[in-house]
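Biologist: Could you put a model up and let me quiz you on the words you use for it? I'd like each term set against its cut-off.

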Amino acid sequence: MKPHNVIYLIGDGMGFGAVSSLLLSEEGETGFEMAPVIGLSETQSANNFVTDSPAGGTALATGTRTCNGFLGVGPDSVQLVSILKKAQQMGKKTGIVVNTTLTEATPGAFYAGVTSRSMSYRIAEQFTQSGVDVAVGAGLSAFINRPDSVDLTAVLIDKGYDVYLDWKSVLNTHSEKFVGILEMGDVHRRNKSSNKTAGAADGAEVCLAAKLAAEASDGDTTRFSQPTEYLEKASIKAIEQLSKNAPNGFFLMIESAIIDGYGHNNDSEGMIEEMQEFNRTLKALVEYVNEHPNTLLVVTADHETGGTGVGYKSHPVNEPQGLKLNFSTKGHTGTVVPIFAYGAGAQEFAGIFQNRELPGIIEGLMK
(Lines give C-alpha, C1' and ligand atoms only; values in the text may rest on other atoms or scores of the structure.)
Protein backbone atom coordinates (compact mmCIF):
# COMPACT_ATOMS: atom_id res chain seq x y z
CA MET A 1 0.00 0.00 0.00
CA LYS A 2 1.27 3.47 -0.90
CA PRO A 3 1.50 5.66 2.22
CA HIS A 4 -0.90 8.58 2.23
CA ASN A 5 0.69 10.03 5.37
CA VAL A 6 4.28 9.83 6.65
CA ILE A 7 5.48 10.29 10.23
CA TYR A 8 9.26 10.51 10.69
CA LEU A 9 10.20 10.14 14.37
CA ILE A 10 13.85 10.85 15.19
CA GLY A 11 15.44 10.14 18.55
CA ASP A 12 18.52 12.36 18.77
CA GLY A 13 21.38 10.23 20.08
CA MET A 14 19.15 7.14 20.39
CA GLY A 15 21.36 4.10 19.91
CA PHE A 16 20.92 0.50 21.00
CA GLY A 17 21.89 1.31 24.58
CA ALA A 18 19.08 3.85 24.84
CA VAL A 19 16.60 1.39 23.34
CA SER A 20 17.85 -1.30 25.72
CA SER A 21 17.29 1.01 28.68
CA LEU A 22 13.61 1.17 27.77
CA LEU A 23 13.19 -2.54 27.08
CA LEU A 24 14.75 -3.41 30.45
CA SER A 25 12.88 -0.78 32.47
CA GLU A 26 9.36 -1.27 31.08
CA GLU A 27 7.29 -4.26 32.18
CA GLY A 28 4.69 -3.88 29.44
CA GLU A 29 5.11 -4.09 25.69
CA THR A 30 6.97 -1.10 24.30
CA GLY A 31 6.34 0.67 21.03
CA PHE A 32 9.59 -0.76 19.69
CA GLU A 33 8.34 -4.30 20.23
CA MET A 34 5.25 -3.49 18.17
CA ALA A 35 7.37 -2.81 15.07
CA PRO A 36 6.77 -5.34 12.28
CA VAL A 37 10.00 -4.29 10.54
CA ILE A 38 13.42 -3.51 12.02
CA GLY A 39 16.55 -2.34 10.21
CA LEU A 40 19.92 -0.73 10.87
CA SER A 41 21.31 2.65 9.84
CA GLU A 42 24.99 3.53 9.51
CA THR A 43 25.47 7.16 10.45
CA GLN A 44 28.86 8.57 9.38
CA SER A 45 29.08 12.06 7.88
CA ALA A 46 30.86 13.14 4.71
CA ASN A 47 34.10 13.83 6.55
CA ASN A 48 34.07 11.75 9.73
CA PHE A 49 33.11 8.27 10.92
CA VAL A 50 31.28 10.04 13.76
CA THR A 51 28.61 12.50 12.68
CA ASP A 52 27.42 15.53 14.59
CA SER A 53 23.75 16.45 14.78
CA PRO A 54 23.70 18.97 11.89
CA ALA A 55 25.28 16.51 9.45
CA GLY A 56 23.28 13.57 10.80
CA GLY A 57 20.02 15.50 10.54
CA THR A 58 20.93 16.66 7.04
CA ALA A 59 21.44 13.07 5.86
CA LEU A 60 18.08 11.99 7.31
CA ALA A 61 16.33 15.05 5.87
CA THR A 62 17.89 15.39 2.42
CA GLY A 63 19.52 12.10 1.46
CA THR A 64 22.94 13.74 1.19
CA ARG A 65 25.84 13.33 3.57
CA THR A 66 27.54 16.58 4.45
CA CYS A 67 30.45 17.76 6.56
CA ASN A 68 30.14 17.97 10.31
CA GLY A 69 28.83 21.39 11.27
CA PHE A 70 26.88 21.93 8.04
CA LEU A 71 23.09 22.04 8.19
CA GLY A 72 20.85 21.52 5.18
CA VAL A 73 23.68 22.17 2.73
CA GLY A 74 26.07 19.79 0.97
CA PRO A 75 29.86 19.69 1.39
CA ASP A 76 29.94 22.40 -1.29
CA SER A 77 27.71 24.63 0.91
CA VAL A 78 24.88 24.50 -1.67
CA GLN A 79 21.32 24.30 -0.31
CA LEU A 80 19.78 20.82 -0.44
CA VAL A 81 16.11 19.87 -0.91
CA SER A 82 14.65 17.99 2.06
CA ILE A 83 12.05 15.24 2.08
CA LEU A 84 9.70 17.72 3.79
CA LYS A 85 10.04 20.09 0.83
CA LYS A 86 9.46 17.21 -1.57
CA ALA A 87 6.31 16.25 0.35
CA GLN A 88 5.09 19.84 -0.09
CA GLN A 89 5.76 19.56 -3.83
CA MET A 90 3.54 16.47 -3.85
CA GLY A 91 0.73 18.52 -2.32
CA LYS A 92 1.05 17.13 1.19
CA LYS A 93 0.58 19.22 4.29
CA THR A 94 3.70 19.31 6.47
CA GLY A 95 4.56 19.70 10.13
CA ILE A 96 7.39 19.75 12.67
CA VAL A 97 7.14 18.91 16.38
CA VAL A 98 10.21 19.00 18.64
CA ASN A 99 10.95 19.08 22.36
CA THR A 100 13.76 21.56 21.76
CA THR A 101 13.99 24.81 19.84
CA LEU A 102 12.50 24.96 16.36
CA THR A 103 15.85 26.25 15.10
CA GLU A 104 17.90 23.33 16.45
CA ALA A 105 19.98 21.10 14.18
CA THR A 106 17.56 18.27 13.40
CA PRO A 107 14.41 20.29 12.68
CA GLY A 108 16.52 22.91 10.92
CA ALA A 109 17.84 20.30 8.49
CA PHE A 110 14.33 19.91 7.09
CA TYR A 111 13.91 23.55 6.07
CA ALA A 112 17.15 25.54 6.47
CA GLY A 113 20.54 25.77 4.79
CA VAL A 114 23.52 27.17 6.73
CA THR A 115 27.14 26.23 7.34
CA SER A 116 26.80 26.37 11.13
CA ARG A 117 24.07 25.43 13.59
CA SER A 118 24.99 28.56 15.56
CA MET A 119 23.37 30.74 12.88
CA SER A 120 20.06 30.59 14.75
CA TYR A 121 18.85 34.01 13.58
CA ARG A 122 19.27 32.99 9.94
CA ILE A 123 17.67 29.60 10.63
CA ALA A 124 14.66 31.32 12.23
CA GLU A 125 14.33 33.55 9.18
CA GLN A 126 14.42 30.48 6.94
CA PHE A 127 11.76 28.87 9.13
CA THR A 128 9.36 31.67 8.20
CA GLN A 129 9.98 30.71 4.55
CA SER A 130 9.58 26.95 5.13
CA GLY A 131 5.89 26.66 4.18
CA VAL A 132 5.16 24.18 6.98
CA ASP A 133 1.53 24.09 8.01
CA VAL A 134 2.05 23.20 11.68
CA ALA A 135 5.07 23.54 13.96
CA VAL A 136 5.49 23.27 17.73
CA GLY A 137 8.67 23.71 19.74
CA ALA A 138 10.60 26.26 21.79
CA GLY A 139 13.08 29.02 21.03
CA LEU A 140 11.26 32.35 20.87
CA SER A 141 14.42 34.41 21.30
CA ALA A 142 15.73 33.68 17.79
CA PHE A 143 12.45 34.99 16.39
CA ILE A 144 12.22 38.28 18.31
CA ASN A 145 15.48 39.21 20.10
CA ARG A 146 17.32 39.70 16.85
CA PRO A 147 20.23 41.89 15.73
CA ASP A 148 18.08 43.10 12.83
CA SER A 149 15.21 44.01 15.22
CA VAL A 150 12.74 42.13 13.00
CA ASP A 151 9.79 40.54 14.79
CA LEU A 152 9.48 37.20 13.02
CA THR A 153 6.23 36.39 14.83
CA ALA A 154 4.76 39.32 12.91
CA VAL A 155 6.20 37.88 9.70
CA LEU A 156 4.53 34.54 10.42
CA ILE A 157 1.21 36.21 11.25
CA ASP A 158 1.42 38.18 8.01
CA LYS A 159 1.85 34.86 6.19
CA GLY A 160 -1.42 33.60 7.65
CA TYR A 161 -0.22 31.66 10.68
CA ASP A 162 -1.77 31.69 14.10
CA VAL A 163 1.22 32.07 16.44
CA TYR A 164 0.91 30.79 20.00
CA LEU A 165 3.33 31.33 22.87
CA ASP A 166 1.65 29.08 25.44
CA TRP A 167 0.83 25.39 25.68
CA LYS A 168 -2.87 25.84 26.42
CA SER A 169 -3.41 27.70 23.14
CA VAL A 170 -1.64 24.95 21.20
CA LEU A 171 -3.78 22.25 22.80
CA ASN A 172 -7.01 24.15 22.16
CA THR A 173 -6.38 25.44 18.66
CA HIS A 174 -8.57 24.51 15.71
CA SER A 175 -6.22 26.22 13.28
CA GLU A 176 -4.83 24.28 10.35
CA LYS A 177 -1.92 26.69 10.01
CA PHE A 178 -0.20 27.52 13.28
CA VAL A 179 3.16 27.80 14.99
CA GLY A 180 3.60 27.22 18.72
CA ILE A 181 6.80 28.75 20.12
CA LEU A 182 6.84 27.81 23.78
CA GLU A 183 9.11 28.17 26.77
CA MET A 184 11.65 25.38 27.20
CA GLY A 185 10.03 24.59 30.53
CA ASP A 186 6.85 23.69 28.65
CA VAL A 187 8.49 21.24 26.26
CA HIS A 188 10.77 19.33 28.62
CA ARG A 189 10.62 18.42 32.31
CA ARG A 190 14.29 19.12 33.08
CA ASN A 191 14.01 22.74 31.96
CA LYS A 192 12.67 24.33 35.12
CA SER A 193 10.90 27.61 34.49
CA SER A 194 9.58 30.16 36.92
CA ASN A 195 5.94 31.07 37.28
CA LYS A 196 5.95 33.50 34.39
CA THR A 197 2.90 34.52 32.49
CA ALA A 198 2.15 32.63 29.32
CA GLY A 199 4.73 33.20 26.65
CA ALA A 200 6.91 35.41 28.83
CA ALA A 201 10.22 34.63 27.16
CA ASP A 202 12.76 37.43 27.14
CA GLY A 203 11.42 40.19 24.95
CA ALA A 204 8.05 38.49 24.41
CA GLU A 205 6.18 41.59 25.54
CA VAL A 206 7.38 43.46 22.45
CA CYS A 207 6.42 40.86 19.82
CA LEU A 208 3.17 40.86 17.92
CA ALA A 209 2.22 37.30 18.89
CA ALA A 210 2.44 38.18 22.60
CA LYS A 211 0.38 41.34 22.15
CA LEU A 212 -2.35 39.45 20.31
CA ALA A 213 -2.34 36.71 22.95
CA ALA A 214 -2.69 39.27 25.73
CA GLU A 215 -5.64 40.89 23.99
CA ALA A 216 -7.38 37.52 23.70
CA SER A 217 -6.54 36.17 27.15
CA ASP A 218 -9.28 37.91 29.19
CA GLY A 219 -6.75 38.23 31.98
CA ASP A 220 -5.99 34.51 32.18
CA THR A 221 -2.20 34.27 32.44
CA THR A 222 -2.08 30.79 33.97
CA ARG A 223 0.54 28.47 32.52
CA PHE A 224 -0.68 24.99 31.59
CA SER A 225 2.69 23.29 31.21
CA GLN A 226 2.67 19.49 30.91
CA PRO A 227 6.31 18.85 29.97
CA THR A 228 6.26 15.10 30.66
CA GLU A 229 3.32 14.73 28.27
CA TYR A 230 4.32 17.42 25.82
CA LEU A 231 5.83 15.43 22.96
CA GLU A 232 3.01 12.89 22.85
CA LYS A 233 0.22 15.47 23.02
CA ALA A 234 1.87 17.95 20.66
CA SER A 235 2.42 15.18 18.11
CA ILE A 236 -1.18 14.03 18.24
CA LYS A 237 -2.41 17.64 18.04
CA ALA A 238 -0.27 18.21 14.97
CA ILE A 239 -1.66 15.08 13.34
CA GLU A 240 -5.24 16.16 14.09
CA GLN A 241 -4.74 19.52 12.41
CA LEU A 242 -2.64 18.21 9.51
CA SER A 243 -5.31 15.59 8.75
CA LYS A 244 -7.96 18.24 8.08
CA ASN A 245 -8.56 19.16 4.44
CA ALA A 246 -5.54 17.12 3.36
CA PRO A 247 -6.57 15.22 0.20
CA ASN A 248 -2.92 14.35 -0.49
CA GLY A 249 -2.08 13.46 3.10
CA PHE A 250 0.63 14.87 5.34
CA PHE A 251 4.30 14.59 6.28
CA LEU A 252 5.22 15.13 9.92
CA MET A 253 8.74 15.18 11.38
CA ILE A 254 8.98 14.70 15.15
CA GLU A 255 12.20 14.89 17.14
CA SER A 256 12.82 13.71 20.68
CA ALA A 257 15.98 15.76 21.17
CA ILE A 258 17.01 15.33 24.79
CA ILE A 259 18.07 11.66 24.63
CA ASP A 260 21.29 13.08 23.22
CA GLY A 261 21.83 15.34 26.23
CA TYR A 262 21.58 12.48 28.72
CA GLY A 263 24.11 10.55 26.68
CA HIS A 264 26.48 13.52 26.69
CA ASN A 265 26.03 13.86 30.45
CA ASN A 266 26.31 10.11 31.07
CA ASP A 267 23.07 10.38 33.01
CA SER A 268 21.64 6.89 33.45
CA GLU A 269 18.46 7.91 35.28
CA GLY A 270 17.74 10.74 32.84
CA MET A 271 18.26 8.46 29.83
CA ILE A 272 15.83 5.85 31.17
CA GLU A 273 13.18 8.47 31.99
CA GLU A 274 13.60 10.08 28.58
CA MET A 275 13.19 6.77 26.79
CA GLN A 276 10.04 6.07 28.78
CA GLU A 277 8.64 9.41 27.61
CA PHE A 278 9.72 8.58 24.05
CA ASN A 279 7.85 5.30 24.37
CA ARG A 280 4.60 7.04 25.31
CA THR A 281 4.85 9.16 22.17
CA LEU A 282 5.78 6.15 20.04
CA LYS A 283 2.87 4.05 21.32
CA ALA A 284 0.43 6.88 20.57
CA LEU A 285 1.81 7.07 17.02
CA VAL A 286 1.63 3.30 16.57
CA GLU A 287 -2.01 3.43 17.66
CA TYR A 288 -2.64 6.10 15.03
CA VAL A 289 -0.98 3.96 12.36
CA ASN A 290 -3.05 0.94 13.38
CA GLU A 291 -6.19 3.04 12.98
CA HIS A 292 -4.94 4.59 9.72
CA PRO A 293 -3.08 1.81 7.86
CA ASN A 294 -2.35 4.13 4.94
CA THR A 295 0.19 5.87 7.20
CA LEU A 296 3.93 5.09 7.30
CA LEU A 297 5.81 5.58 10.57
CA VAL A 298 9.62 5.47 10.43
CA VAL A 299 11.59 5.69 13.69
CA THR A 300 15.36 6.08 13.80
CA ALA A 301 18.23 8.18 15.19
CA ASP A 302 20.70 10.65 13.75
CA HIS A 303 23.56 9.04 15.70
CA GLU A 304 24.39 7.31 18.98
CA THR A 305 25.57 9.31 21.99
CA GLY A 306 27.53 8.25 25.04
CA GLY A 307 28.61 4.78 23.97
CA THR A 308 25.64 3.72 26.08
CA GLY A 309 25.44 0.16 27.34
CA VAL A 310 23.95 -1.97 30.09
CA GLY A 311 26.46 -2.97 32.75
CA TYR A 312 26.93 -6.34 34.47
CA LYS A 313 24.78 -6.03 37.57
CA SER A 314 22.37 -8.30 39.38
CA HIS A 315 18.93 -6.90 40.06
CA PRO A 316 16.06 -7.64 42.44
CA VAL A 317 13.17 -9.48 40.84
CA ASN A 318 10.50 -7.15 39.44
CA GLU A 319 12.53 -4.02 40.14
CA PRO A 320 13.63 -2.81 36.69
CA GLN A 321 14.14 0.67 38.13
CA GLY A 322 17.44 -0.64 39.51
CA LEU A 323 18.86 -0.61 35.99
CA LYS A 324 22.10 1.34 35.59
CA LEU A 325 23.70 2.24 32.29
CA ASN A 326 27.39 2.39 31.45
CA PHE A 327 28.93 5.00 29.16
CA SER A 328 32.21 4.90 27.26
CA THR A 329 32.32 8.56 26.16
CA LYS A 330 30.61 11.92 26.61
CA GLY A 331 30.50 12.42 22.87
CA HIS A 332 28.86 10.81 19.87
CA THR A 333 29.92 7.44 18.49
CA GLY A 334 29.86 5.99 15.00
CA THR A 335 27.98 2.82 15.87
CA VAL A 336 24.95 1.86 13.82
CA VAL A 337 21.51 2.84 15.10
CA PRO A 338 18.16 1.05 14.79
CA ILE A 339 15.30 1.66 12.39
CA PHE A 340 11.74 0.68 13.32
CA ALA A 341 9.01 0.87 10.68
CA TYR A 342 5.23 0.52 10.85
CA GLY A 343 2.33 0.75 8.43
CA ALA A 344 2.23 1.29 4.67
CA GLY A 345 5.59 0.56 3.04
CA ALA A 346 7.27 -0.52 6.28
CA GLN A 347 8.78 -3.60 4.61
CA GLU A 348 11.16 -1.35 2.65
CA PHE A 349 13.11 -0.60 5.83
CA ALA A 350 14.20 -4.17 6.59
CA GLY A 351 17.95 -4.37 6.11
CA ILE A 352 21.14 -2.38 6.64
CA PHE A 353 21.16 1.13 5.20
CA GLN A 354 23.23 4.27 5.12
CA ASN A 355 21.41 7.12 6.84
CA ARG A 356 21.27 9.05 3.57
CA GLU A 357 19.19 6.30 1.94
CA LEU A 358 16.15 6.71 4.18
CA PRO A 359 14.71 9.92 2.66
CA GLY A 360 14.94 8.42 -0.82
CA ILE A 361 13.00 5.34 0.27
CA ILE A 362 10.32 7.53 1.83
CA GLU A 363 10.14 9.70 -1.28
CA GLY A 364 9.81 6.65 -3.53
CA LEU A 365 6.96 5.32 -1.42
CA MET A 366 5.12 8.66 -1.44
CA LYS A 367 5.21 9.02 -5.23
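Modeller: What follows is a run through strands, helices, a cavity and a few single residues.

Modeller: This is a predicted model, so local features need pLDDT of at least 70 and side-chain atom pairs count only at pLDDT 80 or more, while totals for chains, interfaces and linings use all residues. Residues are numbered from 1 along each chain as its sequence is written, and side-chain values use heavy atoms, with hydrogens and water left out.

Biologist: Fine. What makes S4 largely enclosed by the rest of the structure?

Modeller: Buried means under 20% relative accessible area, exposed means over 50%, and partly exposed is in between (1.4 Å probe, protein chains only). In strand S4, residues 134-138, 5 of the 5 residues are buried, so the strand is largely enclosed. Val 134, Val 136 and Ala 138 point one way from S4, Ala 135 and Gly 137 point the other way, and all are buried.

Biologist: And how do you know that S4 pairs with S3?

Modeller: Strands here are DSSP runs of E with at least two residues, helices are runs of H or I with at least four, and both are numbered from the N terminus. Two strands pair if DSSP finds at least two bridges between them. Strand S3 (residues 93-101) and S4 have 4 bridges, in the parallel sense, so they pass that test. One example is Ile 96, whose bridge partner in S4 is Ala 135.

Biologist: Which way does S4 run relative to S6, and over how many bridges?

Modeller: S4 and strand S6 (residues 178-182) run parallel, joined by 5 bridges. Val 134 has Phe 178 as its bridge partner in S6, and Ala 138 has Leu 182. S6 is also joined to strand S5 (residues 162-164), by 3 parallel bridges, with Val 163 opposite Val 179.

Biologist: Why is S6 called mostly covered?

Modeller: Again by the burial count: 5 of the 5 residues of S6 are buried. Phe 178, Gly 180 and Leu 182 point one way, Val 179 and Ile 181 the other way, and all are buried.

Biologist: Over to the empty space. What makes something a cavity here?

Modeller: On a 1 Å grid over the protein atoms alone, a cavity is a set of points where a 1.4 Å probe fits but cannot get out; lining residues have an atom within 4 Å of a point. The structure holds 2 cavities of 30 Å³ or more, and the largest has about 80 Å³ of space. That volume is the space filled by probe spheres set on the points, which are joined across faces, edges and corners.

Biologist: Which residues lie nearest the centre of the largest cavity?

Modeller: Its lining has 14 residues, and Thr 228, Leu 231, Glu 232, Glu 277 and Thr 281 lie nearest the centre. Helix H11 (230-242) and helix H13 (268-291) are the elements that give two or more residues to that lining, with the largest share, 5 residues, coming from H13.

Biologist: How does that lining divide by residue type?

Modeller: It has 5 nonpolar, 4 polar and 5 charged residues. Ala, Val, Leu, Ile, Met, Phe, Trp, Tyr, Cys and Pro count as nonpolar, Asp, Glu, Lys and Arg as charged, and the others, Gly among them, as polar.

Biologist: How do you know that the length of H13 agrees with what is expected?

Modeller: The expected span is 1.5 Å times one less than the number of residues. For the 24 residues of H13 that should be 34 Å, and the end C-alpha atoms are 35 Å apart, which agrees. H11, with 13 residues, reaches 18 Å from first C-alpha to last, close to the 18 Å expected.

Biologist: What caps the N-terminal end of H13?

Modeller: Asp 267 does, with a side-chain oxygen 3.3 Å from the backbone nitrogen of Glu 269. Just before that cap, Asn 266 lies in the loop between helix H12 (259-264) and H13. Asn 266 has a positive phi of about 50 degrees although it is not a glycine.

Biologist: Is Asn 266 buried, exposed or partly exposed?Modeller: Partly exposed, because its relative accessibility is 26%. Lys 93, in strand S3, counts as buried because its value is 10%.

Methods
On a 1 Å grid over the protein atoms alone, a cavity is a set of points where a 1.4 Å probe fits but cannot get out, and a pocket is an open set with protein on both sides within 12 Å along at least five of seven lines; lining residues have an atom within 4 Å of a point. A polar contact is a pair of N or O atoms within 3.5 Å; within protein, one must be able to donate a hydrogen and the other to accept it, and residues adjacent in sequence count only if both atoms are side-chain atoms.
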